[in-house]
Amino acid sequence: MPEPAYSARSHPQEDAVPTADDSAPAAVPPCMATMDVVPDGDRMTVSMWGELDLGSRRLLPELYDMLTLSGGGVDLRLDAVGFCDCSGLNALLDLRTRAVDQGKTVTIRSCGIAVERLLDLTGTRELFTDSARPERPAPPPPHDTGPPVESGQELRAEVAQLRRAMQTRPTIDLARGILMASFNLTPEAAWSVLVRTSQNTNTKLHHLAQDLVGTVRGSTLPQQVQQQLSAAVADASRPGEVAACPAGGPVEDRD
């Protein structure tokens, strides 16, 4: 058996004062809690015996030190503990709370009947098992961080485009209605005229729609836009002409 690396004893009271009658038998001291500590890898194995009561809280400073020195926490072996009350359990719970704050654990590897019964009555057994290890968020992968960033950028761009489309769609629909009423075009043909004119003049579709809506109020279109618009209307008005979007598509709303 390895030699204990540390030993501590709980003293419920100071050294007894000698009595006047030296011949009187000395009082039998209570069974004080004692512990031995042995390092075990990144953990500390603490073996206790005696009684875990109010006086056992005197062991907490030493237990805290052992917890700090450990890498992963403390393993308790309480087979030789013959008595344990709520005060002793609270001391163990305080140790566990300190461990959780440090991202470590306190486990009870083995225990006697007294401790086992108290754990069952209080429902605290699971707090001192490996399954009670505090969860830490998984660190991000060291590599392959490009796709998430790229996906986030694409999502933001898509949302911006949708917002812009919602803002400009009413004006585009209004311009298409003006073409339908002015040149007796079908909805499909009016859309084709807008798209072709936008493409051939390198004008954003919603800007072209705004200019067309402005003609109702008396404004005029630029000469180049008028020429391309007239040509597009003539093509769309031909018998059997199928309205279609040119290969390049309309000039989209990109800032």
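**Helix packing and two nonpolar cores in a predicted model**

Val-195 is buried, with a relative accessible area of 0%. The value comes from a predicted model. Val-195 is part of helix 5. Its C-alpha atom is 9.5 Å from that of Leu-208, a residue 13 places away along the chain. Both residues belong to the contact between helix 5 and helix 6. That contact is described below, after the overall layout.

The protein chain holds 7 helices and 5 strands. From the N terminus, the order of elements is β-β-β-α-β-α-β-α-α-α-α-α. Of the 255 residues in the chain, 33% are buried. Contacts between residues at least 6 apart in sequence were also sorted by separation. Of these, 71% join residues at least 24 apart.

In soluble globular proteins, nonpolar side chains tend to be buried together. In this model, the largest nonpolar core has 29 residues. Val-46, Met-48, Leu-63, Leu-76 and Leu-78 touch the most other members. Several elements each supply at least two residues of this core. The strands among them are strand 2 (34-40), strand 3 (43-52), strand 4 (73-84) and strand 5 (105-111). The helices are helix 1 (60-69), helix 2 (86-101) and helix 3 (113-122). A second, separate core has 20 residues. Its members include Ile-172, Val-193, Val-213 and Val-233.

Leu-76 of the largest core was examined individually. Residues up to four places away in sequence were not counted. Beyond them, Leu-76 touches Val-46, Leu-92, Val-106, Thr-107, Ile-108, Arg-109 and Ser-110.

How do helix 1 and helix 2 cross? Their axes come within 10 Å, at an angle of roughly 30°. The two helices are therefore roughly parallel. Helix 1 passes helix 2 in a right-handed crossing. Helix 1 contributes Leu-60, Leu-63, Tyr-64 and Leu-67 to the contact. Helix 2 contributes Ala-91, Asp-94, Leu-95, Arg-98 and Ala-99. By class, the contact has 7 nonpolar, no polar and 2 charged residues.

Tyr-64 lies in helix 1. Its relative accessible area is 18%, and Tyr-64 counts as buried because the cut-off is under 20%. Leaving aside neighbours within four places in sequence, Tyr-64 is in contact with Asp-94, Leu-95 and Arg-98. These three residues are on the helix 2 side of the contact. The C-alpha atoms of Tyr-64 and Arg-96 are separated by 9.8 Å. Along the chain, Tyr-64 and Arg-96 are 32 residues apart.

Helix 5 (residues 187-201) packs against two other helices, beginning here with helix 6 (residues 205-215). The axes of helix 5 and helix 6 are 9 Å apart, and the angle is about 115°. Helix 5 and helix 6 are therefore roughly perpendicular to each other. The crossing is right-handed. On the helix 5 side, the contact is made by Trp-191, Leu-194, Val-195, Thr-197 and Ser-198. Leu-205, Leu-208 and Leu-212 make it on the helix 6 side. The classes are 6 nonpolar, 2 polar and no charged residues.

Helix 5 also meets helix 7 (residues 223-237). Here the axes come within 9 Å and cross at roughly 140°. Helix 5 passes helix 7 in a right-handed crossing. Helix 5 supplies Ala-189, Val-193, Arg-196, Thr-197, Asn-200 and Thr-201. Helix 7 supplies Gln-224, Val-225, Gln-228, Leu-229, Ala-232, Val-233 and Ala-236. These residues divide into 7 nonpolar, 5 polar and 1 charged. Val-193 and Val-233 of this contact are also members of the second core. Thr-197 appears in the contact with helix 7 and in the contact with helix 6.

Two loop residues flanking helix 5 have a positive phi. Most residues other than glycine have a negative phi. Asn-184 is found in the loop between helix 4 (146-183) and helix 5. Its phi is near 55°. Asn-184 counts as exposed, at 72% relative accessibility. Asn-202 lies in the loop between helix 5 and helix 6. The phi of Asn-202 is also near 55°. At 63% relative accessibility, Asn-202 counts as exposed.

Methods
Residues are numbered from 1 along each chain as its sequence is written. This is a predicted model: local features need pLDDT of at least 70, side-chain atom pairs count only at pLDDT 80 or more; totals for chains, interfaces and linings use all residues. Side-chain values use heavy atoms; hydrogens and water are left out. A nonpolar core is a set of buried Ala, Val, Leu, Ile, Met, Phe, Trp, Tyr and Cys residues joined through side-chain atoms within 4.5 Å. Buried means under 20% relative accessible area, exposed over 50%, partly exposed in between (1.4 Å probe, protein chains only). Helices (H or I, at least four residues) and strands (E, at least two) are DSSP runs, numbered from the N terminus. Contact means heavy atoms within 4.5 Å. Axes are lines fitted to C-alpha atoms, for helices over the stretch in contact, and angles run from 0 to 180 degrees between N-to-C directions. A crossing is left-handed if the near helix is turned anticlockwise from the far one by less than a right angle, and right-handed if clockwise. Ala, Val, Leu, Ile, Met, Phe, Trp, Tyr, Cys and Pro count as nonpolar, Asp, Glu, Lys and Arg as charged, and the others, Gly among them, as polar. Angles under 35 degrees count as roughly parallel, over 145 as roughly antiparallel, 65 to 115 as roughly perpendicular and the rest as oblique.
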